[in-house]
Amino acid sequence: MSAAKIQMPIVSDSELNESERNESEVNESEVNNPKIRNAHSRINSLDWPRILASLHESGWARTGEVLTAQECDGLRALYSNDKLFRSKVVMARHRFGLGEYKYFAYPLPGLVTDLREPLYAHLAAVANNWESKLGGKKTHYPETHQEFIKLCHGSGQKRPTPLMLRYESGGYNCLHQDLYGAVYFPLQTVFMLDRPELDFAGGEFVLVEQRPRAQSAAHVIAPRQGEAVIFTTRWRPVQGSRGYYRVNIRHGVSAVTRGIRHTLGIVYHDAE
């Protein structure tokens with residue numbers, strides 16, 4: 001994987017035609033399947049003391065398995081239904097890497113909403129804690145995701161950013177940060193939908209921390225199917241001899257050596 005390129009995500013709707021993006025034609029059973037509406041309680045029952053401690057210590061955390069194999073299969077199947085998405089990006093066209101991803105349109109599939117909202121509720125306290133450590137007074141993250149989305153929309157950021165990513169053998173994603181406007185949430189989440197070593201090989205999730213006056217440090221993470229990694233969107237606070245300072249972090253995906261790899265990305269802020 002090339003570590004030299006910075007990916008600024010493409011959020012244009014131009015790569016899916018209007019009929020493909022007609023939200024009124026979205027299959028309702030795919031959006032609000034009652035069999036998937038218990039994810040909210042599973043999110044709340046995670047080991048949050050451990051997760052939050054890991055986020056404060058290193059800027060990322062593994063959740064343990066959240067999604068069932070059936071839910072992962074169902075999410076992967078959504079990728080072929082362009083009616084659910086507002087935009088498709090082929091990475092090679094923009095020198096982002098080798099692979100592709102699609103941004104969901106509103107209304108989001110029920111499972112995606114049921115993951116996004118409770119995850120945000122647990123992470124908002126971390127976001128506010130990080131802002132306070134750095135003396136930030138401009139941004140306060142409200143307790144609920146619906147309130148936060150109102151802030152995004154008030155700043156002209158109204159397009160949804162949860163996305164599905166797909167890599168075939170040889171595919172990879174250059175190091176980047178997912179920033180879509182002036183308002184952004186400092187954490188995001190990615191769910192593994194395939195079985196490592198069975199459905200694909202390689203394709204590890206990579207975080208690179210750029211430490212001031214020091215060599216960069218890399219974290220290589222291989223989540224299990226149904227497991228999520230919560231990680232820093234842009235920076236995290238680190239304690240120094242003179243107080244806290246910002247450490248910049250970028251993320252990417254190493255080369256897939258065999259098979260096909262799918263993930264669900266949960267970005268909490270909307271895009272311009």
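# Rings, helices and a seven-stranded sheet

The charged end of Lys-102 sits over the ring of Tyr-79, at 4.3 Å from the centre of that ring (a charge counts as over a ring if NZ of Lys or CZ of Arg is within 6 Å of the ring centre and within 35 degrees of the ring normal). A second arrangement of this kind places Arg-86 over the face of Tyr-103, where the distance to the ring centre is 4.7 Å.

The structure is a predicted model, in which local features need pLDDT of at least 70 and side-chain atom pairs count only at pLDDT 80 or more, while totals for chains, interfaces and linings use all residues. Residues are numbered from 1 along each chain as its sequence is written, and side-chain values use heavy atoms, with hydrogens and water left out.

## The chain as a whole

The chain contains 6 helices and 15 strands, which are DSSP runs numbered from the N terminus (H or I over at least four residues for helices, E over at least two for strands). Of its 272 residues, 52% are buried (buried means under 20% relative accessible area, exposed over 50%, and partly exposed in between, with a 1.4 Å probe and protein chains only). Among the contacts with a separation of 6 or more, 81% join residues that are 24 or more positions apart, where contact means heavy atoms within 4.5 Å.

## The sheet

Seen in the order β1-β11-β7-β15-β5-β4-β2, 7 strands form an open sheet with antiparallel pairing (two strands pair if DSSP finds at least two bridges between them). At its edges are β1 (60-65) and β2 (85-90), each of which pairs on one side only. From one strand to the next, the twist averages 20° (axes are lines fitted to C-alpha atoms, for helices over the stretch in contact, and angles run from 0 to 180 degrees between N-to-C directions). Some of the pairings are set out below.

| Strand pair | Bridges | Sense |
|---|---|---|
| β2 and β4 | 5 bridges | antiparallel |
| β7 and β11 | 5 bridges | antiparallel |
| β7 and β15 | 4 bridges | antiparallel |

Individual residues can be followed across these pairings: Val-89 has Tyr-101 in β4 as its bridge partner, Thr-189 stands opposite Ile-230 in β11, and Val-190 has Gly-265 in β15 as its bridge partner.

How many residues of β7 are buried? The count is 6 of 6, so β7 is largely enclosed by the rest of the structure. Its two faces are both covered, with Leu-187, Thr-189 and Phe-191 buried on one side, and Gln-188, Val-190 and Met-192 buried on the other.

## Helices and their faces

Helix α5 (residues 110-133) lies across β4, β7 (187-192), β11 (227-232) and β15 (261-266), and runs at about 140° to β7.

In helix α6 (residues 145-154), the buried residues include His-145, Phe-148, Ile-149 and Cys-152. Seen down the axis of α6, the buried residues fall within an arc of 100°, so they line one face of the helix; the arc is that of the directions from the helix axis to the C-beta atoms. An α-helix has 3.6 residues a turn, so residues three or four places apart point the same way. The buried residues of α6 pack against α5, whereas Gln-146, Lys-150 and Gly-154 are exposed on the other side of α6. Just after this helix, Gly-156 adopts a positive phi of about 85°.

Helix α4 (residues 69-78) has Glu-71, Cys-72, Leu-75 and Leu-78 as its buried residues. Viewed down the axis of α4, they fall within an arc of 115°, so they line one face of that helix.

## Aromatic pairs

The structure holds 13 aromatic pairs (rings of Phe, Tyr and Trp, the last by its six-membered ring, pair if their centres lie within 6.5 Å, and planes under 30 degrees apart count as stacked, over 60 as edge-to-face and the rest as tilted). One of them is the tilted pair of Tyr-120 and Phe-185, with 4.8 Å from centre to centre and 45° between the planes. Tyr-120 belongs to helix α5 and Phe-185 to the loop between β6 (172-176) and β7, so this pair ties together parts that are 65 residues apart in sequence.

Tyr-120 is also in a pair with Tyr-268, whose ring centre is 6.4 Å from that of Tyr-120, and the planes stand at 50°, so the pair is tilted. Tyr-268 lies in the segment after β15 and Tyr-120 in helix α5, so here the parts tied together are 148 residues apart in sequence. Are these residues buried or exposed? Tyr-120 counts as buried at 0% relative accessibility, Phe-185 counts as buried at 0%, and Tyr-268 likewise counts as buried at 0%. Ring pairs link Tyr-120, Tyr-141, Phe-148, Phe-185 and Tyr-268 into a cluster.
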